[in-house]
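Biologist: I should like a close look at a single part of this protein, namely one helix and its packing. Please set that part in the context of the whole chain.

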Amino acid sequence: MEPLCMATAKLPVTKWHGGRSYSIRCAGIAEPAGVPAPMGQKTQYKDGLFEKLFMSLFARKMEKFATSGVSKKNKALWDMDYERFVDVSKRVMIGRSRKQQQEVVREVLLSILPPGAPAQFRKLFPPTRWAAEFNAALTVPFFHWLVGPSEVIEVEVNGVKQRSGVQIKKCRYLENSGCVGMCVNMCKLPTQDFFTNEFGLPLTMNPNFEDMSCEMVYGQVPPAFEEDPVSKQPCYADMCSVANTSSPVCPKLQ
């Protein structure tokens, strides 16, 4: 999910082109310290016009798969906020299995991209170290609205150290939903699958449910769900409205 960045917000990301540098600025955190709030507190963001436009675009695409709720159709594109975006995601989960939720996200992503985009991506970005590092660099500014601030980090892929990792400091989607199932079924698994199978560039996402951070590793083939530690993750008992505290594993993952 890749939005345009806003030219008037807080967190600058410097890029180099033709030997010259220029800055891309995305909507930033509204916290006084400029960093995500501590675990257990919700980070405050200041979203700009472009961020709201992309929230609205994805929410409207997902709305046709969601159960009944307050309709967003009459809302202006720029009137969307992150809470409404997350609400649509929650309503998509209702009555669907883990696989069905992932398929909805896949359909939404394909509906947003122009025809033939996955094939073109494969041509432009074959699964090389350069492609992995380039996409990691793009993730920081272009996914900011969805997951919050992040930075490129060095990771090891198949025994080779490369800067194809992205460290998300505290995932906005996870902290706003408070739901392990939404994180895994509506973000981690479908994003991994889309990049790996549709785009042909392997991606593994490793959420940390202790502090809500997440590591994305471009170029690394994701494990089978049954072998992934997230498959055994319990609910957030104090955060999720549909948490099942009697189950050792989040029911949405079963």
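Modeller: The account below begins with the whole chain, turns to helix α1 and its partner α3, and then takes up other local features.

The model is a predicted one. Its secondary structure amounts to 8 helices and 6 strands, and from the N terminus the order of these elements is β-β-α-α-α-α-α-α-β-β-α-α-β-β. The protein has 254 residues, 50% of which count as buried. Among contacts between residues at least 6 apart in sequence, 59% join residues at least 24 apart.

Helix α1 covers residues 49–63. It consists of 15 residues and reaches 21 Å from its first C-alpha to its last, close to the 21 Å expected at 1.5 Å a residue. The buried residues in α1 are E51, F54, M55, S56, F58, A59, M62 and E63. An α-helix has 3.6 residues a turn, so residues three or four places apart point the same way. Within the buried set of α1, F54, F58 and M62 can be read in that light. The cover over the buried residues of α1 includes α2 (82–93), α3, α6 (144–147), α7 (172–177) and α8 (180–198).

One of these covering elements, α3, spans residues 98–112 and packs against α1 at an angle of about 125°, with the two axes 10 Å apart. An angle of this size lies outside the range of 65 to 115 degrees that counts as roughly perpendicular and is not over 145, the bound for roughly antiparallel; α1 and α3 are therefore oblique to each other. Their crossing is right-handed. On the α1 side, the residues that meet α3 are L57, F58, K61 and M62; on the α3 side, the partners are V108, L109, S111 and I112. Two of the α1 residues in this contact, F58 and M62, also belong to the buried set of α1.

Helix α5 may be set beside α1. The 14 residues of α5 (residues 129–142) should span 20 Å at 1.5 Å a residue, and the end C-alpha atoms are 20 Å apart, which agrees. Buried in α5 are A131, A132, N135, A136, T139, V140 and P141.

The cysteines come next. The count of disulfides is 0. C171 is in no disulfide, the nearest cysteine sulfur being that of C187, 5.7 Å away. For C179, likewise in no disulfide, the nearest cysteine sulfur is that of C240, at 4.0 Å. Sulfur atoms must lie within 2.5 Å to count as a disulfide. C171 is buried, with a relative accessible area of 8%, and C179 is buried too, with a relative accessible area of 6%.

Two loop residues complete the account. Most residues other than glycine have a negative phi. N158, although not a glycine, has a positive phi of about 55°; N158 is found in the loop between β3 (150–157) and β4 (160–168). M212 is also a residue other than glycine with a positive phi, in this case near 70°, and M212 is placed in the loop between β5 (203–208) and β6 (213–218). As to surroundings, N158 is exposed, with a relative accessible area of 76%, whereas M212 is buried, with a relative accessible area of 3%.

Note on methods. Residues are numbered from 1 along each chain as its sequence is written. This is a predicted model: local features need pLDDT of at least 70, side-chain atom pairs count only at pLDDT 80 or more; totals for chains, interfaces and linings use all residues. Side-chain values use heavy atoms; hydrogens and water are left out. Helices (H or I, at least four residues) and strands (E, at least two) are DSSP runs, numbered from the N terminus. The expected span of a helix is 1.5 Å times one less than its number of residues. Buried means under 20% relative accessible area, exposed over 50%, partly exposed in between (1.4 Å probe, protein chains only). Axes are lines fitted to C-alpha atoms, for helices over the stretch in contact, and angles run from 0 to 180 degrees between N-to-C directions. Angles under 35 degrees count as roughly parallel, over 145 as roughly antiparallel, 65 to 115 as roughly perpendicular and the rest as oblique. A crossing is left-handed if the near helix is turned anticlockwise from the far one by less than a right angle, and right-handed if clockwise. Contact means heavy atoms within 4.5 Å.
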